[in-house]
Amino acid sequence: MTRLILASQSPARTKLLAEAGIRHTVLVSDVDEDAVQARYGVTDPHDTALLLARAKAEAVAALPEAEGALVIGCDSVFEFNGESHGKPYTAAVARERMLRMSGNSGVLHTGHWLVDCRATAAGNEPSDASGVEVEDGTPDGGAPAPGSGATLGAVASAEVHFMDMAPEEIDAYIATGEPLNCAGSFTIDGLGGAFIRKVDGDPHAVVGLSISTLRNLLGQANVRITELWPAA
């Protein structure tokens, strides 16, 4: 049976996978995000999302529990007025951001990184795959191997348009605690959905994991997403 491990502690991501009928387990990585960014000096929001997703996936893939499974790591970064916004953590930071976001729009980038930890057949040589940003790649042709040896990633981005928000509404929202641990200080699948006017792009990416992007990455590893659906 094909196993998928989600390298994320996000309840929204695991709920999204569950509602999409995708069997998975959760194994949280112990990645210091600030240290990773400091090491590589990444400032572009798109690239930062991919870098952190890769760091999480590879950290979990190195654990004994990941042997024989596929590991998907995800990370989201909100781009607003050229700035990268991760989790605000404090009410003061969340309020300052949301006051500026009111009536405006920004882009939520969600990075995905897949590592295939299944045993590979002897003689397979990795090659680049098309359609996603790839490092190391997948086997080149032939019958599907038990494992592809793939380590590859992609970013799904969506533009989020916010309604005008009164300061009192922002304060009430922050008081719930919901936005403090969310990239960009908002959610679309929770209380914050009341302040989002529309989304241009994949709404799943705004939640934190694009199901269609996951399907594409799995395909590059010679796995159909239907293999992760519950047995009939």
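Helices, as the term is used here, are DSSP runs of H or I of at least four residues, numbered from the N terminus. In this predicted model, the second of these runs, α2, is followed directly by G41, which takes a positive phi of about 65°. At the opposite end, where α2 starts, a side-chain oxygen of D32 comes to within 3.2 Å of the backbone nitrogen of D34.

Between these two ends, α2 takes part in a helix packing. Two packed helices are described by the angle between their axes and the distance between the axes. For α2, which spans residues 33-40, and α3, which spans residues 45-61, the angle is about 120° and the axes lie 10 Å apart. Because angles of 65 to 115 degrees count as roughly perpendicular and those over 145 as roughly antiparallel, α2 is classed as oblique to α3. The crossing in which α2 passes α3 is right-handed. On the side of α2, the contact is made by E33, V36, Q37 and Y40, and these meet T48, L51, L52, A55 and K56 of α3. Sorted by character, the residues in the contact of α2 with α3 comprise 5 nonpolar, 2 polar and 2 charged.

Elsewhere in the chain, S102 sits in the loop that links α4 (91-101) with β5 (105-116). Is this loop residue buried or exposed? Its relative accessibility is 17%, and because buried means under 20%, S102 counts as buried. When neighbours within four places in sequence are set aside, the residues in contact with S102 are M163, D164 and M165.

Definitions and conventions:
Residues are numbered from 1 along each chain as its sequence is written. This is a predicted model: local features need pLDDT of at least 70, side-chain atom pairs count only at pLDDT 80 or more; totals for chains, interfaces and linings use all residues. Side-chain values use heavy atoms; hydrogens and water are left out. Axes are lines fitted to C-alpha atoms, for helices over the stretch in contact, and angles run from 0 to 180 degrees between N-to-C directions. Angles under 35 degrees count as roughly parallel, over 145 as roughly antiparallel, 65 to 115 as roughly perpendicular and the rest as oblique. A crossing is left-handed if the near helix is turned anticlockwise from the far one by less than a right angle, and right-handed if clockwise. Contact means heavy atoms within 4.5 Å. Ala, Val, Leu, Ile, Met, Phe, Trp, Tyr, Cys and Pro count as nonpolar, Asp, Glu, Lys and Arg as charged, and the others, Gly among them, as polar. A polar contact is a pair of N or O atoms within 3.5 Å; within protein, one must be able to donate a hydrogen and the other to accept it, and residues adjacent in sequence count only if both atoms are side-chain atoms. Buried means under 20% relative accessible area, exposed over 50%, partly exposed in between (1.4 Å probe, protein chains only).
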